[in-house]
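Please look at the sequence and the model shown here before reading on. The report below goes through the ligand shell, the sheets and some individual residues.

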Amino acid sequence: MKVFILGGDGFCGWPTSLHLSNLGHDITILDNLSRRNIDNELEAGSLTPITPMGTRLKAWHEQSGRTINFVNINVAEEYDRLLQLIKDEQPDSIVHFAEQRAAPYSMKSSAHKRYTVDNNLNATHNTLAAIVESGLDIHLTHLGTMGVYGYGTAGMKIPEGYLPIEVTTDDGDKVQQEILYPANPGSIYHMTKTQDQLFFAYYAKNDHLRITDLHQGIVWGTNTQETNSDERLINRFDYDGDYGTVLNRFLMQAAVDYPLTVHGTGGQTRAFIHIQDTVRCIQLAIENPPTRGERVKILNQMTETHRIRDLAQIVARIANAEVANVPNPRNEDAENDLHVKNDLFLDLGLNPTTLEEGLLEEVTQIARKYKDRADKNKIPATSTWTQKQKPGIPDA
Ligand code: USQ
C-alpha cells in the first residue's frame with residue numbers, strides 16, 4: 001500500500017513509519033519538523049539522542065534496504081502543496097499524526113492555545129478537504145485521544161466512540177439510537193481532538209470518506225522492534241514539564257534521583273498503551289478500513305488503566321525512587337475511576353505489552369542509559385490551567 005504519514009517525525013509517527021515500511025508499505029513522511037522547533041523554543045530535548053531526519057532515513061535504508069520518502073511541508077498552512085502531493089502520489093491510505101499533542105504546552109499562554117487550535121484544526125480540515133478535492137478513495141486514519149471522552153463515566157465502560165441511547169418521542173414511542181459519546185475535553189489540546197471528530201463525522205456523512213479515528217491513551221515506552229535496530233533510529237523520549245507524559249517522566253525521574261512528581265493525590269486514573277502496541281494498532285487500522293458510506297470507525301487504542309499514585313509506587317519499587325506529591329498545575333478531577341472497552345483491537349489480534357513485562361527494561365535500557373543527558377531544571381511542570389493557579393496571582 002502507498003501510505004502518507006502526516007507528522008512522521010514525531011514520537012508516534014516515526015516508529016509507525018518504520019513499522020509500516022518494514023511490512024512492505026511504500027511510505028512518504030509529510031512533516032514540518034515542528035516538534036524539533038518546539039524543543040528549541042522550550043530549550044528542552046529528548047532524553048534519547050534523536051538524529052536529524054536525513055540521518056534517520058539513511059540509517060533505515062542501510063538497515064532494511066527500504067526507502068522512506070520525506071516532504072517538508074506544513075499541512076495546516078500549505079493546502080495547495082498538500083493537494084498536489086495527494087494528486088501526484090495517489091496514496092491508498094493517509095495516517096494523520098500532524099497535531100500539537102501536549103496538553104500542558106497547549107495551556108501555556110493564549111499564544112500557545114491559538115497555535116494549537118490553528119495548527120490542529122487546519123491540519124485535519126486541510127487533509128479532509130484535499131482528499132475530497134482529489135477525487136480519490138483514500139482511507140484516513142487519525143490519532144485521536146481517550147481525552148475526548150473525559151475520564152469519568154456513570155460507572156459503565158467507555159464504549160468505542162458511540163453511545164447507545166433511548167429517547168421517548170412525544171407520542172410515547174421509544175427510539176433507539178447511537179450517538180457520538182459526549183465530548184468532555186480537559187485541555188485546549190484535547191478540545192482540538194473533540195472538534196476533529198465532528199469534522200470526521202461530517203465528511204463521512206457528506207462525502208462518504210472512509211475514516212478511522214483512534215482514541216489513544218497515554219503512551220509509554222520508547223522503542224519498537226524497528227527503532228531498536230540501530231541507534232540512529234532511536235525514538236524520542238520526552239521528560240520535560242510540557243511534553244513528558246506521566247509514566248515516562250516517572251521512569252526518568254527515578255533514574256536521576258528526582259522524587260516522582262505525582263500531581264495532587266495521584267488519584268487520577270488514565271488509560272495506557274506501549275509504543276510497540278501503538279504501531280501495531282495503526283497497522284491493524286489501515287489493514288481494516290471502513291467501507292465507503294459507513295460511519296467513522298472509532299477504536300479505543302489502550303490496553304490498561306492505572307491510577308497515577310499506583311504507577312508511582314510501582315516505579316518507586318522497581319527503581320528504588322522516592323515519591324513526592326506536588327501541587328497539581330492542571331484543572332482536573334483529583335480522583336476518578338475509568339473503565340474502557342477495547343474489544344475492537346483485541347478482536348483484530350492485538351496482543352498487548354503489559355506494564356509488568358516492559359517497565360524494568362525501560363528503566364535499564366533507556367532511563368538509566370541516557371540519564372546523563374537529562375536537564376533536571378526542565379522537569380517541573382509550570383504550565384497552569386487557570387489564571388488563578390499562576391504563581392503570584394492572588395485568589396479571587
Ligand atoms: N501527571 C502527574 N505527574 C506528572 C505528569 C502528569 O501526576 O509529572 C498526571 C496529570 O496531572 C494527569 C495524568 O498524569 O492527570 C496524565 O498526564 P500526561 O501528561 O501523562 O497525559 P496527558 O496530558 O493526558 O496527554 C497525553 C499525551 C496526549 C494524549 C493523552 C492521552 O500527551 O497526546 O492524547 O496523553 S489521554 O490522557 O488518555 O487523554
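## The shell around the ligand

Strand 10 (260–263) gives the largest share of the shell around the ligand, 3 residues; helices (H or I, at least four residues) and strands (E, at least two) are here DSSP runs, numbered from the N terminus. In this predicted model, local features need pLDDT of at least 70 and side-chain atom pairs count only at pLDDT 80 or more, whereas totals for chains, interfaces and linings use all residues. Residues are numbered from 1 along each chain as its sequence is written, and side-chain values use heavy atoms, with hydrogens and water left out. The ligand is surrounded by 24 residues, the closest being R101, Y189, V246, T261 and E332, where a residue is near a molecule or strand if one of its heavy atoms lies within 4 Å of it.

Several polar atoms face oxygen atoms of the ligand within the limit for a polar contact, which is a pair of N or O atoms within 3.5 Å; within protein, one must be able to donate a hydrogen and the other to accept it, and residues adjacent in sequence count only if both atoms are side-chain atoms. A polar side-chain atom of T145 lies 2.8 Å from a ligand oxygen atom, a backbone N or O atom of G147 lies 3.0 Å from an oxygen atom of the ligand, and for V246 a backbone N or O atom lies 2.7 Å from an oxygen atom of the ligand. Of the 740 Å² of accessible area that the ligand has on its own, the protein covers 96%; accessible areas come from the Shrake-Rupley method with a 1.4 Å probe, and for residues only the protein chains shown count as cover. Helix 7, helix 8 and strand 10 are the elements that give two or more residues to this shell.

## The seven-stranded sheet

An open sheet of 7 strands follows the order 3-2-1-4-5-8-12 with parallel pairing, two strands being paired if DSSP finds at least two bridges between them. Strand 3 (69–72) and strand 12 (297–301) are the edge strands, each pairing on one side only. On average, neighbouring strands of this sheet are turned by 20° against each other, direction ignored; axes are lines fitted to C-alpha atoms, for helices over the stretch in contact, and angles run from 0 to 180 degrees between N-to-C directions.

Strand 4 (residues 93–96) pairs with strand 5 (residues 139–145) in the parallel sense over 4 bridges, and S93 stands opposite H139 in strand 5. Strand 5 is in turn joined to strand 8 by 7 bridges, again running parallel, with H139 opposite R210. Strand 8 also pairs with strand 12 in the parallel sense over 5 bridges, and the bridge partner of D213 in strand 12 is I298. Because 7 of the 7 residues of strand 8 are buried, this strand is largely enclosed by the rest of the structure; buried means under 20% relative accessible area, exposed over 50% and partly exposed in between (1.4 Å probe, protein chains only).

## The three-stranded sheet

A further open sheet has 3 strands in the order 9-11-13, with mixed pairing. Strand 9 and strand 13 (304–307) stand at its edges with a single partner strand each, so one side of each is left without a neighbour in the sheet. Strand 11 (residues 269–274) and strand 13 pair in the antiparallel sense over 4 bridges, and A271 has T305 in strand 13 as its bridge partner. Helix 12 (residues 355–368) packs on the sheet, touching strand 9, strand 11 and strand 13 (contact means heavy atoms within 4.5 Å), and its direction makes about 55° with that of strand 9.

## Residues in the loops

D238 is placed in the loop between strand 9 (218–220) and helix 8 (246–255) and is buried, with a relative accessible area of 6%. The side chain of D238 makes polar contacts with the side chain of R101 (3.1 Å) and with that of R236 (2.7 Å).

E43, in the loop between helix 2 (34–42) and helix 3 (53–64), has a phi near 55°, a positive value in a residue other than glycine, and is exposed at a relative accessible area of 64%. H208, in the loop between helix 7 (188–207) and strand 8 (210–216), likewise has a positive phi near 55°, but counts as partly exposed at 41% relative accessibility.
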